[in-house]
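Reader: I'd like to learn how to read a structure like this one, feature by feature. Could you walk me through it?

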Amino acid sequence: MSSPSDVWSASDYAPTAARLRPISELVAAELARRLPTPATVVDIGSGHGDGVTALVTEGYTVTAIEPTARIRAIGQCNAPNATWIDALGEATGLEDSSVDAVTSTFGSMFCNPTTGPAEWARILRPGGELVMTAWNQEGFLATMTDAMMESVNPGGSKQTPPHMAWGITEVAHERLSQWFESIHIENRELEWTFDSVEDGMQLYREGSPTHVWMADHAGSRREALWAALRDHLKAHADTSGRIESTTGYVLITARRR
Ligand SMILES: C[S@@+](CC[C@H](N)C(=O)[O-])C[C@H]1O[C@@H](n2cnc3c(N)ncnc32)[C@H](O)[C@@H]1O
């Protein structure tokens, strides 16, 4: 089975990180509304460090969890004022009840949905805060993922993969309620635009590791996969060829019991 590190090493990540930066900053600002500094924060799936930088700027002491060496090396350069750890968010190796908050911008959603929340609860002190985002079932990325799955496995299972199920309110509640209270799940939108279909293709072919990995493992369906993506982009283009879309996500906040 492939590890997260295999998947997330498949291409450059910078173009995707740039798109997610506003949400990294929003997560840090949301935490700042809930938890005064000084305080300790563990950020899961820290990527190139945009969220870590925003948290450090807010005044937090940050431990960044990032299992992908290629990504972590850049994150460490971009956000050197944090402690970076090579670990999974399901097994951080940190002490019980040792941190004031756990944050994640589209990183913790990739943890095992059972052992992930159990680990975050283990390392958080009672009353500690969880602030995380995950994609929901609305908008550009959700329908694009459906189209791509159908292209590689025509007529296959339509079951929502575990990482995408965080966007289903009842599922997110169920995953967290054993350990967390005051669970709040808010659906939001992120602008998702491209200058052209080719601009979109370039992002997914060169700047989005999960899509490159999927294509690299699609075997004879590889070209069908890229064609499905191109069709999806074309369907969202206006008469000038520009794509002005939005993609949905959930902002999840909760407090450790
Ligand atoms: C979509 S990126 C988000 C990165 C960063 N937070 C951002 O907003 O740009 C997902 C990140 O989660 C990491 N990741 C994947 N599975 C993980 C896991 N089980 N535990 C911790 N991090 C994981 C990947 O290596 C990748 O850097």
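Author: Let's begin with contacts, meaning heavy atoms within 4.5 Å. Leaving aside neighbours within four places in sequence, Asn136 is in contact with Ala142, Met164, Gly167, Asn187, Arg188, Gly248, Tyr249 and Val250. Before we go on, this is a predicted model, where local features need pLDDT of at least 70 and side-chain atom pairs count only at pLDDT 80 or more, while totals for chains, interfaces and linings use all residues. Residues are numbered from 1 along each chain as its sequence is written, and side-chain values use heavy atoms, with hydrogens and water left out.

Reader: Where does Asn136 sit, and is Asn136 buried or exposed?

Author: Elements here are DSSP runs numbered from the N terminus: helices are H or I with at least four residues, strands are E with at least two. Asn136 belongs to strand 5 (residues 124–139). For exposure, buried means under 20% relative accessible area, exposed over 50%, and partly exposed in between, using a 1.4 Å probe and protein chains only. With a relative accessible area of 3%, Asn136 is buried. A sequence-distant pair is worth a look too: Asn136 and Trp166 are 30 residues apart in sequence, with their C-alpha atoms 7.0 Å apart in space.

Reader: How do I read the core, and which residues touch the most other members?

Author: In soluble globular proteins, nonpolar side chains tend to be buried together. A nonpolar core is a set of buried Ala, Val, Leu, Ile, Met, Phe, Trp, Tyr and Cys residues joined through side-chain atoms within 4.5 Å. The largest one here has 75 residues, of which Trp120, Trp135, Phe180 and Tyr204 touch the most other members. Helix 2 (residues 14–34) supplies the largest share of this core, 7 residues. To see one hub in detail, pick Trp120: beyond four places in sequence, Trp120 touches Ile44, Gly89, Val102, Ser108, Cys111, Leu130, Met132, Trp166, Leu176 and Phe180.

Reader: Cys111 caught my eye. How many disulfides does the structure hold?

Author: A disulfide is a pair of cysteine sulfur atoms within 2.5 Å, and the structure holds 0 of them. Two cysteines show contrasting surroundings: Cys111 is buried at 8% relative accessible area, whereas Cys77 is exposed at 63%.

Reader: What tells me which side of a helix faces inward? Take helix 7: which of its residues are buried?

Author: An α-helix has 3.6 residues a turn, so residues three or four places apart point the same way. In helix 7 (residues 169–176), the buried residues are Ala172, Arg175 and Leu176. These cover an arc (taken from the directions from the helix axis to the C-beta atoms) of only 90 degrees, which puts them on the same side of helix 7. Glu170 and Glu174 are exposed on the face turned away from that buried side. The cover over the buried residues includes helix 5 (115–123), strand 5, strand 6 (180–194) and strand 7 (243–256).

Reader: And what do the buried residues of helix 4 pack against?

Author: Helix 4 (residues 69–78) has Ile71, Arg72 and Gly75 as its buried residues. Their arc is only 95 degrees around the axis, which places them on the same side of helix 4. They pack against helix 1 (4–8) and strand 3 (83–85). Helix 1 also holds Ser5, which counts as partly exposed at 22% relative accessibility. Ser5 touches Pro67, Thr68 and Ala69, not counting residues up to four places away in sequence. Ser5 and Pro67 are 62 residues apart along the chain, with 6.0 Å between their C-alpha atoms.

Reader: Which backbone angles should I check?

Author: Start with omega: the peptide bond from Thr37 to Pro38 is cis, with omega near 0 degrees. Pro38 falls in the loop between helix 2 and strand 1 (40–44). Next, look for positive phi outside glycine: Ser97 has phi near 45 degrees, and Phe106 has about 55 degrees. Ser97, in the loop between strand 3 and strand 4 (99–105), is partly exposed at 43%. Phe106, in the loop between strand 4 and helix 5, is buried at 5% relative accessible area.
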